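Me: Please give me a close look at a single part of this structure, its interior. Please go through it step by step, and then set the remaining parts beside it.

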Amino acid sequence: MTGTRGLGARWRRRRPLRARLALAASSAVALVAVGVCAAAFVVIDYQMTRQLDRNLALTSTEILRGRRNWGPTPSDTLCQYPASSCFQIVPADPAKDPRKPYVLPVSDATRQVAAGRHEAFYSEQTVAGQPVRMYTSRVSGKDEAVQVALRSDSVDRSVEQAALALSAVGGAGVLLAGALGYWVSRTGLAPVARLTATAERIAATRDARHRIELPPGPPAREDEITRLATSFNTMLGELEQSVASQRRLVADASHELRTPLTALRTNAELLARAGRLTDAQRDRASAALGRQLREVTTLVNDLIELARDEEPQPLVEQVRPAALLEHAVGVAREHWPEITFTTALAPAAAGVTIPGVPPRLSRLLSNLLDNAAKFSPPGGPVDTELTFSSGALELTVRDHGPGIAEADLPHVFDRFYRAEAARALPGSGLGLAMARQIARAHDAELTAERAPGGGALFRLRMPVAAA
């Protein structure tokens with residue numbers, strides 16, 4: 001049995017899905033059609049036999065009523081050449097049999113019915129070469145049995161005709177089942193075929209702009225295949241957006257790297273002719289080369305960080321944002337000694353922890369502080385505040401610089417975007433984009449707005465319920 005099942009499974013795997021679905025649908029309909037025909041045949045045979053038995057019982061009652069005082073008698077002449085029915089009366093004692101032989105067969109069961117030791121019964125017999133159905137019952141008050149026979153060939157012919165008709169209907173049902181199975185498989189799998197064709201076209205052209213055509217109608221009436229096609233279209237949209245984002249990142253990165261790489265090559269070529277340079281020129285070229293190497297290294301590291309969409313789970317741990325903020329502010333004071341950093345920690349927020357990756361959260365905070373320090377005037381303050389309310393930590397970082405123009409607010413977190421006022425300042429335009437990506441990876445929300453009284457205000461909201 002295991003080998004048979006294995007062969008059947010291999011055969012199914014080698015057949016296309018459309019063929020398997022057509023075979024399953026047609027087999028189900030064919031089984032129903034054959035089953036209905038078989039059940040109809042059984043019902044017809046049972047009803048016609050039952051009707052014949054009723055006629056036999058009624059004929060037996062009429063014979064006994066009209067021949068109440070008859071004794072044992074052989075069958076009538078109709079039994080010699082049965083045209084419709086015949087009867088005979090049989091005693092329990094064989095010694096009382098009439099001289100003429102019985103035409104209908106007499107068995108021990110017949111004698112027992114006559115003696116009252118056996119129930120009345122029906123039987124199939126052959127009389128004068130014709131099939132008959134015989135009913136044997138006891139004569140009331142006497143040790144005699146009456147046998148009544150009716151020809152059953154008409155019933156047999158009717159049953160055979162019904163069997164032929166039902167066989168034809170069943171055959172037509174099987175053919176119809178095959179046609180319906182093919183139609184169901186072709187119609188039901190049409191969206192799957194379109195989905196497959198679209199996937200193959202995307203694989204061949206590497207163009208994620210293709211979509212699957214959806215049938216018209218409200219979303220509430222969509223079936224499973226339509227929802228699958230809709231999900232596939234949604235996936236294609238996300239894939240197209242991801243591919244476009246990667247291409248834009250590569251294009252922006254190549255544009256941003258072109259200038260520092262050109263400067264690096266110039267300074268490297270200049271240092272290659274160090275014998276023609278003075279000591280001061282050589283020192284300036286070396287310093288410029290080192291500074292540009294650091295800028296390129298920082299830019300490449302930022303690009304690697306941006307290319308990562310989520311945090312590695314093994315590195316996630318419970319961290320205290322208050323401690324990270326104090327550390328980030330201390331580091332910022334060393335990098336920006338001319339800027340005054342102030343920190344306000346609410347007592348309720350001091351001991352709150354959230355799940356996260358400490359180095360990534362520290363990078364987020366340092367990017368916000370560096371951005372604020374870059375736009376603050378010398379000696380100006382950068383204010384930070386950490387509070388806890390409504391089940392979330394909220395960090396604000398505010399500078400007192402020129403602020404963010406209304407036209408720049410929707411784009412401050414875009415990669416490589418630099419406002420007109422920031423183009424003369426150092427940086428690549430990746431710090432805020434990286435900060436928002438880190439925030440989203442930690443289920444936090446980072447927004448930018450114009451601060452009241454001037455300057456820029458960045459607000460980071462971190463849900464504590466995620467812990």
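**A close look at the interior**

Reply: Of the 467 residues of the chain, 33% count as buried, a term that stands for under 20% relative accessible area, with exposed meaning over 50% and partly exposed the range in between (1.4 Å probe, protein chains only). The model is a predicted one, in which local features need pLDDT of at least 70 and side-chain atom pairs count only at pLDDT 80 or more, while totals for chains, interfaces and linings use all residues. Residues are numbered from 1 along each chain as its sequence is written, and side-chain values use heavy atoms, with hydrogens and water left out.

The chain has 10 helices and 11 strands; these are DSSP runs, of H or I over at least four residues for a helix and of E over at least two for a strand, numbered from the N terminus. Its accessible surface comes to about 27500 Å², of which 57% belongs to carbon and sulfur atoms, the areas being obtained by the Shrake-Rupley method with a 1.4 Å probe, and for residues only the protein chains shown count as cover. Among contacts (heavy atoms within 4.5 Å) between residues at least 6 apart in sequence, 64% join residues at least 24 apart.

The largest nonpolar core holds 40 residues, and those that touch the most other members are Phe341, Leu364, Leu368, Leu369, Leu393, Phe458 and Leu460. Such a core is a set of buried Ala, Val, Leu, Ile, Met, Phe, Trp, Tyr and Cys residues joined through side-chain atoms within 4.5 Å. Two or more residues come from each of α8 (321-335), α9 (358-375), β8, β9, α10 (431-441), β10 (445-450) and β11 (456-463), and the largest share, 7 residues, is that of α9. In soluble globular proteins, nonpolar side chains tend to be buried together. Leu369 touches Ala328, Val329, Ala332, Phe341, Val382, Thr384 and Val397, residues up to four places away in sequence being left out of the count. Apart from this core lies another, of 12 residues, among them Leu52, Leu56, Val139 and Val155.

Several of these names recur in the strands. Strand β6 (residues 340-345) and strand β8 (residues 381-389) run parallel and are joined by 6 bridges, where pairing requires that DSSP find at least two bridges between two strands; here Phe341 stands opposite Val382 in β8. On to strand β9 (residues 392-399), β8 runs antiparallel and is joined by 8 bridges, with Phe388 opposite Leu393 in β9. The hairpin formed by β8 and β9 leaves 2 residues between them. In that loop sits Ser390, which has a positive phi of about 55 degrees although it is not a glycine, and which counts as exposed at 73% relative accessibility.

The helices show both sides of this picture. In α10, Leu432, Ala433, Met434, Ala435, Gln437, Ile438 and Ala439 are buried. Just after α10 comes Asp443, with a positive phi of about 60 degrees; Asp443 belongs to the loop between α10 and β10 and is exposed, with a relative accessible area of 55%. Gly330, in helix α8, is partly exposed with a relative accessible area of 27%, and its C-alpha atom is separated by 8.7 Å from that of Phe341, 11 residues apart along the chain.

Another part of the chain offers a buried polar residue. An open sheet of 4 strands has the order β1-β4-β3-β2 with antiparallel pairing, and β1 (85-91) and β2 (121-127) stand at its edges with a single partner strand each, so one side of each is left without a neighbour in the sheet. β1 and β4 pair over 7 bridges, with Ile89 opposite Val146 in β4. Gln147 lies in strand β4 (residues 144-151) and counts as buried at 0% relative accessibility. Its side chain makes polar contacts with the side chains of Gln88, at 2.6 Å, and Thr110, at 3.3 Å; a polar contact is a pair of N or O atoms within 3.5 Å, where within protein one must be able to donate a hydrogen and the other to accept it, and residues adjacent in sequence count only if both atoms are side-chain atoms. Beyond its neighbours within four places in sequence, the residues in contact with Gln147 include Cys86, Phe87, Val90, Leu104 and Met134.
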